[in-house]
Amino acid sequence: MTSFKSRLKELDVMLDEDIICLKELRKYCFQGIPVEQGRRALCWKLLLNYLPPSRAAWDEALRGQRDTYRRFVREMVVRPGGRADGSVPSRVDVTERDHPLSLDPDSQWQAFFKDNDVLGQIDKDVRRLCPDISFFQQPTEYPCREVVCGDYHERLHERVDRVYLSSSNVRRVGLGMNKMVDSKLRPSDMDYVPLPLGQEAHWEVVERVLFLYAKLNPGQSYVQGMNEIIGPIYYTFASDPDTKWREHAEADTFGVFTNLMSEIRDFFIKTLDDSESGINYRLRLLMERLQQHDPHLAVRLRVQELRPQYFAFRWMTLLLSQEFTLPDVIRIWDSLFADEKRFNFLTEVCCAMMVLIRDQLMSGDFAHNMKLLQSYPPVEIRTVLARAETLMHR
């Protein structure tokens with residue numbers, strides 16, 4: 001207990017400095033960040049460059065980024081023809097200006113219909129986010145009033161026509177992920193449901209953040225799996241015990257997610273697969289590291305033709321967010337975000353995962369090993385991280 005309290009005090013002293021030393025903060029956070037009093041949320045904002053090291057600059061930086069996000073909501077979430085203040089405009093002759101049947105490529109309505117294709121996939125994915133916990137189904141304390149209470153605004157999920165997804169309308173982009181082309185969806189019995197007028201569930205907030213990210217990044221747009229990246233970030237910020245931070249969880253999540261995606265976005269772009277920043281390069285590096293640490297296991301996987309694309313591309317692209325429980329994922333991310341050579345430590349964690357189950361892999365056949373690697377067995381996350389740290393220093 002004394003050691004725990006002294007460690008908390010060490011972090012508090014570090015965070016109270018006028019100019020926070022990021023080198024020391026990374027070293028501390030690499031070993032795990034205490035969740036008490038919102039320390040983890042604050043550290044993530046610093047580690048992912050959302051907050052500057054100078055505390056004196058925080059207020060101005062936060063005000064600017066949060067105001068920008070609110071402007072994005074007003075400009076991009078409002079349905080074409082509506083006003084940013086939520087009021088209904090007076091009737092006009094739609095033949096004079098933009099209208100839903102316009103063929104003009106610059107038509108606001110044309111953009112609206114294209115947005116709905118992307119929104120369909122986002123809506124489907126966020127309705128099943130972190131199904132092991134009820135958090136994302138619960139109402140947020142801080143719904144976007146302009147959206148949930150405006151007279152003219154339409155909530156994003158209401159735009160999506162509910163019909164079954166046709167597999168012929170989905171194409172592969174990037175790393176085995178799927179991007180919507182021209183399809184519509186219908187929710188299943190497992191999907192989260194919208195809350196009554198005036199309320200928003202957490203999944204609806206995440207949907208809005210992802211939609212805005214897709215709008216602002218048309219070259220990449222939304223790729224299936226991004227919901228798994230944003231989920232732990234929003235959960236951490238929206239669970240902050242300090243209300244002055246928690247009420248801005250949506251805007252802060254957008255900023256931090258955008259910064260994180262700027263570092264890993266090449267994982268999601270197929271044309272960059274073989275570049276030094278692409279996923280195939282990372283997968284080759286992973287197998288080279290395995291060859292160094294456990295050559296017999298590396299040979300075994302090679303003989304069985306168990307290529308890393310079959311299992312490790314999901315590990316690395318989604319930062320292990322689908323392989324472990326949410327608390328374990330958050331603990332892993334403490335170390336990944338603190339890694340100065342991001343994301344080299346991710347390679348070591350993935351290598352450690354294979355080394356830790358080497359006995360099963362050495363004795364199993366192809367089918368057994370494929371299942372084992374695609375559905376990683378329960379393990380103490382401290383064991384995985386400790387082994388990864390050992391491998392890193394070899």
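**Buried contacts, aromatic pairs and enclosed space**

Setting aside neighbours within four places in sequence, His202 is in contact with Phe135, Phe136, Gln138, Pro139, Thr140, Tyr234 and Ala238. The model described here is predicted. His202 belongs to helix α8. The relative accessible area of His202 is 7%. Buried means under 20%, so His202 is buried.

Several of these partners recur in the aromatic analysis. Phe135, Phe136, Tyr234 and Tyr235 form one aromatic cluster. Of that cluster, Phe135, Phe136 and Tyr234 are in contact with His202. The count of aromatic pairs comes to 14. In the pair of Phe311 and Trp315, the ring centres are 5.2 Å apart. The planes of these two rings stand at 65 degrees. An angle over 60 degrees counts as edge-to-face, so the pair of Phe311 and Trp315 is edge-to-face. Both partners are buried: Phe311 has a relative accessible area of 2%, and Trp315 has 0%.

Charged side chains also meet aromatic rings. The charged end of Arg7 sits over the ring of Tyr28, at 4.1 Å from the ring centre. The charged end of Lys45 sits over the ring of Phe237. Here the distance to the ring centre is 3.8 Å.

A second buried site involves Asp240. This residue lies in the loop between α9 and α10, the latter spanning 243–246. With a relative accessible area of 4%, Asp240 is buried. Residues up to four places away in sequence are again left out of the contacts. On that basis, Asp240 touches Gly38, Ala41, Trp245 and Arg246. Gly38 is 202 residues from Asp240 along the chain. Even so, the C-alpha atoms of Asp240 and Gly38 are separated by 4.9 Å.

Enclosed space was examined next. Two cavities of 30 Å³ or more were counted. The largest cavity holds about 50 Å³ of space. Its lining consists of Val77, Val147, Arg155, Leu156, His157, Glu200, Glu204, Glu207 and Arg208. Two elements, α7 (156–159) and α8, give two or more residues to this lining. Helix α8 provides the largest share, three residues. By class, the lining of the largest cavity has five charged, three nonpolar and one polar residue. Helix α8 thus appears in two settings: it contains His202, and it contributes to the lining of the largest cavity.

Open space was also considered. The second largest pocket contains about 420 Å³ of space. It is lined by 22 residues. Those closest to the centre of this pocket are Tyr142, Pro143, Cys144, Glu247 and Glu250. Five elements give two or more residues to the lining: α4 (58–76), α6 (145–148), α8 (202–216), α9 (226–238) and α11 (249–264). Helix α4 supplies the largest share of the pocket lining, with five residues. The lining of the second largest pocket divides into 10 nonpolar, nine charged and three polar residues. Helix α8 gives two or more residues to the lining of this pocket and also to that of the largest cavity.

Technical notes:
Residues are numbered from 1 along each chain as its sequence is written. This is a predicted model: local features need pLDDT of at least 70, side-chain atom pairs count only at pLDDT 80 or more; totals for chains, interfaces and linings use all residues. Side-chain values use heavy atoms; hydrogens and water are left out. On a 1 Å grid over the protein atoms alone, a cavity is a set of points where a 1.4 Å probe fits but cannot get out, and a pocket is an open set with protein on both sides within 12 Å along at least five of seven lines; lining residues have an atom within 4 Å of a point. Grid points are joined across faces, edges and corners, and a volume is the space filled by probe spheres set on the points. Helices (H or I, at least four residues) and strands (E, at least two) are DSSP runs, numbered from the N terminus. Ala, Val, Leu, Ile, Met, Phe, Trp, Tyr, Cys and Pro count as nonpolar, Asp, Glu, Lys and Arg as charged, and the others, Gly among them, as polar. Rings of Phe, Tyr and Trp (its six-membered ring) pair if their centres lie within 6.5 Å; planes under 30 degrees apart count as stacked, over 60 as edge-to-face and the rest as tilted. Buried means under 20% relative accessible area, exposed over 50%, partly exposed in between (1.4 Å probe, protein chains only). A charge sits over a ring if NZ of Lys or CZ of Arg is within 6 Å of the ring centre and within 35 degrees of the ring normal. Contact means heavy atoms within 4.5 Å.
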